[in-house]
Amino acid sequence: MGWAPAVFILLWSGGFTALKAGLAYAEPITYLALRYGVVLALLVPLFLLMRPPLPKSPVEWWHQVVIGILVQTLYFGLAYIAMKLGVSAGLQALIVSLQPILVGILAPSLVHERVGLIQWLGLGLGIFGAALVIMTRSAVDATSAVGILCSFGALFGMTAGTLYEKRFGIAQHPVTSNLVQYAVGFAAVLPLAWALEDMHVSWTGEMIAALLYLVIGNSLVSVTLLLAMIRRGKAAQVSALFFLIPPIAALIAWLLIGEAMPPLAWLGMACAAAGVAVANRPTVHKTQ
């Protein structure tokens, strides 16, 4: 899966621009519920056609449900709510990009992975680069303390999901795992949309195009690649890929919608890329 990291980074980073376009036509949680609903509308017929194997035990079912709660509900749900409550996109991206640091701290005790000095250097370089990109692109501010708490809740949701998948995740057919996890996410966010928003959607070509990108590029392809990479690689190294998302997202937004890309941001992109390269260096063990 040598191609998987590049595809994941590109698709996930492009989701920020797609989301920005789509949220002009619907409220955040309504848009998230709509996204999950379309994902399920695609997955259910595919599941019935392919008949992939189901989890073999209640424990395997439970693991899929927990991952769905942590990633689809906590991470995406709280991130969308944070934006609704006034947290800027720059601050949201900056907070979420702290995930590799948390994974690096927690991985040794929770998934029995040793994070060496070189990996810590890469993690530190990556967070510096990501922060530099974000802070030179936009003002990092927020108008709601609750929104900031939701942003950190999203951070912990993705971190917990990464570590849980690494420790307890059992390889399932991607159609099966996605169907279960998105069904859990849809069941959780739909009541929130009903309670907090008016659920009005303006159906335009731009909104539909953005929605399809989020459904196919992010919800189906990116999440499948992420979970597969976590199962095959070290959790800390896979999480280091998230350092590249803020700078690449900034580059895509600059190319597609003309958002400013100051000179210092290019330096930040280089630092983030270098940090990922360092953090993903294989550890060499000397034999006696």
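Here are a few points on the core, the cavities and one leucine in this predicted model.

1. Start with the nonpolar core. The largest one has 62 residues, and Phe8, Trp12, Tyr31 and Phe76 are those with the most contacts inside it. Eight helices are worth tracing here, since the elements giving two or more residues to this core are α1 (4–22), α2 (28–50), α3 (58–84), α6 (117–137), α7 (145–168), α8 (174–196), α9 (205–232) and α12 (263–279). Of these, α9 gives the most, with 12 residues.

2. Next, have a look at tryptophan 12. Setting aside neighbours within four places in sequence, its contacts are Tyr75, Phe76, Met158, Asn218, Ser222, Val223, Phe242 and Ile245. Phe76 turns up again here: like Trp12, it is among the residues with the most contacts inside the core.

3. Then there are the holes. You'll find two cavities of 30 Å³ or more, and the largest has a volume of about 80 Å³. Trp12 helps line that largest cavity, together with Phe16, Tyr75, Ala93, Val96, Ser97, Phe242, Ile245 and Pro246. Two or more lining residues come from each of α1, α4 (89–96) and α11 (245–257). The lining splits into eight nonpolar residues, one polar and no charged.

4. Finally, leucine 264, which sits in helix α12. Is it buried, partly exposed or exposed? With a relative accessible area of 47%, leucine 264 falls between the 20% and 50% cut-offs, so it counts as partly exposed. Beyond residues up to four places away in sequence, leucine 264 touches Leu132 and Thr136. Leucine 132 is 132 residues away along the chain, yet the two C-alpha atoms are separated by 7.2 Å.

Definitions and conventions: Residues are numbered from 1 along each chain as its sequence is written. This is a predicted model: local features need pLDDT of at least 70, side-chain atom pairs count only at pLDDT 80 or more; totals for chains, interfaces and linings use all residues. Side-chain values use heavy atoms; hydrogens and water are left out. A nonpolar core is a set of buried Ala, Val, Leu, Ile, Met, Phe, Trp, Tyr and Cys residues joined through side-chain atoms within 4.5 Å. Buried means under 20% relative accessible area, exposed over 50%, partly exposed in between (1.4 Å probe, protein chains only). Helices (H or I, at least four residues) and strands (E, at least two) are DSSP runs, numbered from the N terminus. Contact means heavy atoms within 4.5 Å. On a 1 Å grid over the protein atoms alone, a cavity is a set of points where a 1.4 Å probe fits but cannot get out, and a pocket is an open set with protein on both sides within 12 Å along at least five of seven lines; lining residues have an atom within 4 Å of a point. Grid points are joined across faces, edges and corners, and a volume is the space filled by probe spheres set on the points. Ala, Val, Leu, Ile, Met, Phe, Trp, Tyr, Cys and Pro count as nonpolar, Asp, Glu, Lys and Arg as charged, and the others, Gly among them, as polar.
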